[in-house]
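Biologist: Could you show me the model and take me through it? I'd like to know the reasoning behind each label you use.

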Amino acid sequence: MDCLVGRTTLRTMAGEVRIRKKILERMAEEASRTPKQECCGLLAGREGVISEIFPATNALWSATEFEIAPQELFRIFRAIRDAGLEHMGIYHSHPGGPAAPSARDIERAFYPEAAYFVISVEAKAFEIREGRVEELQIRMV
Ligand SMILES: [Zn+2]
């Protein structure tokens, strides 16, 4: 996120984020709709549960980074407020994986109270033996 234009509500429980199943499904749909670029948007809800999704345009049209234009961000924050909801999260996809924040994501995470969802469609395989983790190459045959 490029700039701080709205307030975020603190999650009720440290270490966890509560979200409706349909919103997780909608995020996966949004990600699969733009397999060549990162999708992004805001998440809102009330009483500690994310229940609404506000898809946004990735102003960078990029497969490796995203940004929501300030005007759109402002419009979404207003829509969230008008609906009597609280901003609780930010989501974006990593079309090529991994499902973890990039260095840029971490550097530009301006909402410390928000839950950052990173959606990826990739599958990874690992060997885990006596606490040692090694990634396995997945070969489609
Ligand atoms: Zn990212």
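Modeller: Sure, let's begin at a turn. β1 and β2 form a hairpin with 2 residues between them, and Glu47 in that turn has a positive phi of about 50°. Keep in mind that this is a predicted model.

Biologist: What makes β1 and β2 a pair of strands?

Modeller: Two strands count as paired if there are at least two bridges between them. β1 and β2 have 7 bridges and run in the antiparallel sense, so by that cut-off they pair. As an example, Leu43 stands opposite Ile53 in β2.

Biologist: And how do you know that β1 pairs with β3?

Modeller: By the bridges again: 6 of them join β1 to β3, and these strands run antiparallel. The cut-off is at least two, so this is a pair as well. Here Cys40 stands opposite His92 in β3. β1 is also mostly covered, with 6 of its 7 residues buried.

Biologist: Where does that sit in the chain as a whole?

Modeller: The protein chain has 3 helices and 6 strands, in the order α-β-β-α-β-α-β-β-β. Of its 141 residues, 35% are buried.

Biologist: Why is Glu30 called buried?

Modeller: Buried means under 20% relative accessible area. Glu30 has 12%, so buried is the right word. This residue lies in helix α1. Leaving aside neighbours within four places in sequence, Glu30 is in contact with Cys39, Ile53, Pro55 and Tyr91.

Biologist: What makes you say that the buried residues of α1 are on the same side?

Modeller: First, the list: Ile23, Met27, Glu30 and Ala31 are the buried residues of α1. They cover an arc of only 100° around the axis, which puts them on the same side of α1. There is a rule of thumb behind such patterns: an α-helix has 3.6 residues a turn, so residues three or four places apart point the same way. On the other side of α1, Lys21 and Arg33 are exposed. The cover over the buried residues of α1 includes β1, β2, β3 and β4.

Biologist: How do you know that the span of α2 fits a helix?

Modeller: Set the two values side by side. With 13 residues at 1.5 Å a residue, α2 should span 18 Å, and its end C-alpha atoms are 18 Å apart, so the two agree. α1 also has 13 residues, and reaches 19 Å from its first C-alpha to its last, close to the expected 18 Å.

Biologist: Which residues of α2 are buried, and which are exposed on the face turned away from them?

Modeller: Glu72, Leu73, Ile76, Phe77 and Ile80 are the buried ones. Their arc around the axis is only 135°, which puts them on the same side of α2. The face turned away from that buried side carries the exposed residues Gln71, Arg81 and Asp82. β1, β2 and β3 are among what covers the buried residues. After α2 comes Gly84, whose phi is positive, near 75°.

Biologist: Why are Phe77 and Tyr111 called a stacked pair?

Modeller: There are two checks. Ring centres must lie within 6.5 Å, and planes under 30 degrees apart count as stacked. Phe77 and Tyr111 are 6.0 Å centre to centre, with 25° between the planes, so they pass both cut-offs. Phe77 lies in α2 and Tyr111 in the loop between α3 and β4, so the pair ties together parts that are 34 residues apart in sequence.

Biologist: How do you know whether those two rings are buried or exposed?

Modeller: Compare each value with the 20% cut-off. Phe77 has a relative accessible area of 5%, so this residue is buried. Tyr111, at 2%, counts as buried too.

Biologist: Which element gives the most to the largest nonpolar core?

Modeller: That's α2, with 4 residues. The core has 15 residues, and those with the most contacts inside it include Leu42, Phe54, Ile76 and Tyr111. β1, β2 and α2 each give two or more residues to this core. Apart from it lies another core, of 12 residues, among them Met27, Ala31, Tyr91 and Ala115.

Methods:
Residues numbered from 1 in each chain as written. Predicted model: local features only at pLDDT ≥ 70, side-chain atom pairs only at ≥ 80, totals over all residues. Heavy atoms only, no water. Expected span 1.5 Å × (residues − 1). Buried < 20%, exposed > 50% of the residue type's maximum accessible area, 1.4 Å probe, protein only. Arc of directions from axis to C-beta. Contact = heavy atoms within 4.5 Å. Phe/Tyr/Trp six-rings, centres within 6.5 Å; stacked < 30°, edge-to-face > 60°. Core = buried A, V, L, I, M, F, W, Y, C linked by side-chain atoms within 4.5 Å.
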